[in-house]
Amino acid sequence: MSKAAKILPDLEKEDLRILMAIEIGMKRSEFVTINNIKFYSRYLMEETLFRLKKVHKLDLIIRDSSKNEVGYTLNSVGYDVLALHALVEKEIIGQLGPLIGKGKESDVYGCMDDNGNIFALKIYRIGRTSFKSIKRLRSFLGNRKHASWLYVNRLAAKKEYDALNKIYELKLDTPKPIGFNRHIIVMSYLRGKELAYHSKIKNPIKMFNKIIKQVKIIYQKAKMIHGDLGEFNIVVDHKDNILIIDWLQWVPSDHPNANSLLERDIRNVCNFFQKKYHIESNPVEIIQSFEKK
Ligand SMILES: Nc1ncnc2c1ncn2[C@@H]1O[C@H](COP(=O)(O)OP(=O)(O)OP(=O)(O)O)[C@@H](O)[C@H]1O
Ligand SMILES: [Mg+2]
């Protein structure tokens with residue numbers, strides 16, 4: 001279980017309010033002064049200091065005493081706590097399960113709602129390993145100077161959640177969006193593993209055609225391109241059901257790089273099926289067929 005999920009039951013609403021006050025302050029600067037935390041929480045100084053001490057001890061915030069005024073900032077566990085708490089309050093989830101996937105820019109957990117439904121919960125962790133991914137998000141960060149990791153991860157979650165909403169209407173094999181808060185999205189879960197790690201696909205030609213057909217419908221009807229399609233972003237279960245996941249990199253079909261991104265997506269799929277299952281296909285012809293109804 002994640003650290004945040006373990007700590008959450010021990011927190012009182014006053015602790016959460018202090019964390020939220022820091023979160024508000026972080027819109028303006030990385031570290032938030034005690035006076036500002038007091039202001040945003042609307043607590044008296046005594047309560048503010050007491051709560052700060054508690055959440056600091058629990059390792060949910062980081063203190064900086066190198067400046068004139070002491071400042072605090074949320075760490076990633078503190079931010080997880082806020083998002084998980086909100087999802088529980090909204091009754092989107094009741095319980096967090098095991099880690100099911102660890103990407104370069106996210107942790108994915110299983111989770112359950114109060115009715116026993118199981119979902120996948122993706123926590124964005126951009127900036128954990130490199131700032132390259134932050135740079136990739138520049139296009140929609142605009143000219144913001146103070147683009148904190150917190151903001152970048154929240155934007156990423158929103159971007160993927162919006163994509164899931166847009167394609168869900170098409171009723172294809174993409175995750176159903178269930179809910180999101182801050183840097184976390186909750187979506188339908190397919191119990192399986194990435195196409196890349198599957199050794200026993202019963203009917204590879206059928207699966208290849210199914211994937212290409214879905215990419216085509218998404219392109220024609222939703223006017224969207226996945227942008228990071230490949231054998232690692234398609235989950236397959238033991239019955240050959242598939243789920244095309246990881247929609248952060250999507251672009252609209254009128255994007256300046258749309259053609260090359262679409263071509264790369266299709267080539268990735270074609271190359272994989274060619275290498276592993278000896279299925280011959282012509283990516284150029286496939287792409288041309290996308291322009292026809
Ligand atoms: N809806 C889902 N159902 C089942 N498994 C999932 C789901 N979403 C994600 N996973 C698992 O979690 C892993 C990471 O998810 P995802 O690809 O979305 O994250 P990522 O951080 O973008 O990964 P990377 O950057 O390494 O491609 C997936 O490879 C898959 O194993
Ligand atoms: Mg992925």
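Q: Which residue follows α5, and what is the sign of its phi?
A: In this predicted model, Glu91 comes after α5, and its phi is positive, near 60°.

Q: How do you know that the length of α5 agrees with a helix of its residue count?
A: Helix α5 covers residues 76-89, 14 residues in total. The expected span is 1.5 Å times one less than the number of residues, and for α5 this comes to 20 Å. The end C-alpha atoms are 20 Å apart, so the two values agree.

Q: What makes Asn75 a cap of α5?
A: A side-chain oxygen of Asn75 lies 3.1 Å from the backbone nitrogen of Val77, at the N-terminal end of the helix. A polar contact requires a pair of N or O atoms within 3.5 Å, and the 3.1 Å of this pair meets that limit.

Q: Why is α5 called mostly covered?
A: Buried means under 20% relative accessible area, and 10 of the 14 residues of α5 are buried. Among them are Val77, Tyr79, Leu82 and Leu87. Asp80 is also on the list of buried residues.

Q: What makes Asn233 and Asp246 donors of the magnesium ion (ligand 2)?
A: The cut-off for this metal is 2.8 Å, applied to N, O and S atoms. Asn233 (OD1) and Asp246 (OD) lie 2.2 Å from the ion, so they qualify as donors. They link distant parts of the chain, 13 residues apart: Asn233 sits in the loop between β10 and β11, Asp246 in the loop between β12 and β13. Both residues are buried.

Q: How do you know that ligand 1 has polar contacts with the protein, and which residues make them?
A: The limit is 3.5 Å between N or O atoms. An oxygen atom of ligand 1 is 2.7 Å from a side-chain N or O atom of Asp246. A nitrogen atom of the ligand is 2.9 Å from a polar backbone atom of Ser188, and a backbone N or O atom of Lys104 lies 3.2 Å from a ligand oxygen. These distances are within the limit, so the pairs count as polar contacts. Of the 610 Å² of accessible area that ligand 1 has on its own, the protein covers 90%.

Q: Which strands each supply at least two residues of the shell around ligand 1?
A: They are β5, β6 and β8. The ligand is surrounded by 18 residues, and Ser106, Lys122 and Glu194 are among the closest.

Q: Why are β7 and β8 called paired strands?
A: Pairing needs at least two bridges; β7 and β8 have 4 and run antiparallel, so they pair. One bridge joins Asn181 to Ile184. The hairpin has 2 residues between the strands, and Arg182 takes a positive phi near 50° there.

Definitions and conventions. Residues are numbered from 1 along each chain as its sequence is written. Chains are lettered from A and ligands numbered from 1 in the order in which they are written. This is a predicted model: local features need pLDDT of at least 70, side-chain atom pairs count only at pLDDT 80 or more; totals for chains, interfaces and linings use all residues. Side-chain values use heavy atoms; hydrogens and water are left out. Donors are N, O and S atoms within 2.8 Å of the metal (3.2 Å for Na, K and Ca); water is not among the atoms, so sites may look incomplete. Buried means under 20% relative accessible area, exposed over 50%, partly exposed in between (1.4 Å probe, protein chains only). A polar contact is a pair of N or O atoms within 3.5 Å; within protein, one must be able to donate a hydrogen and the other to accept it, and residues adjacent in sequence count only if both atoms are side-chain atoms. A residue is near a molecule or strand if one of its heavy atoms lies within 4 Å of it. Accessible areas come from the Shrake-Rupley method with a 1.4 Å probe; for residues, only the protein chains shown count as cover.
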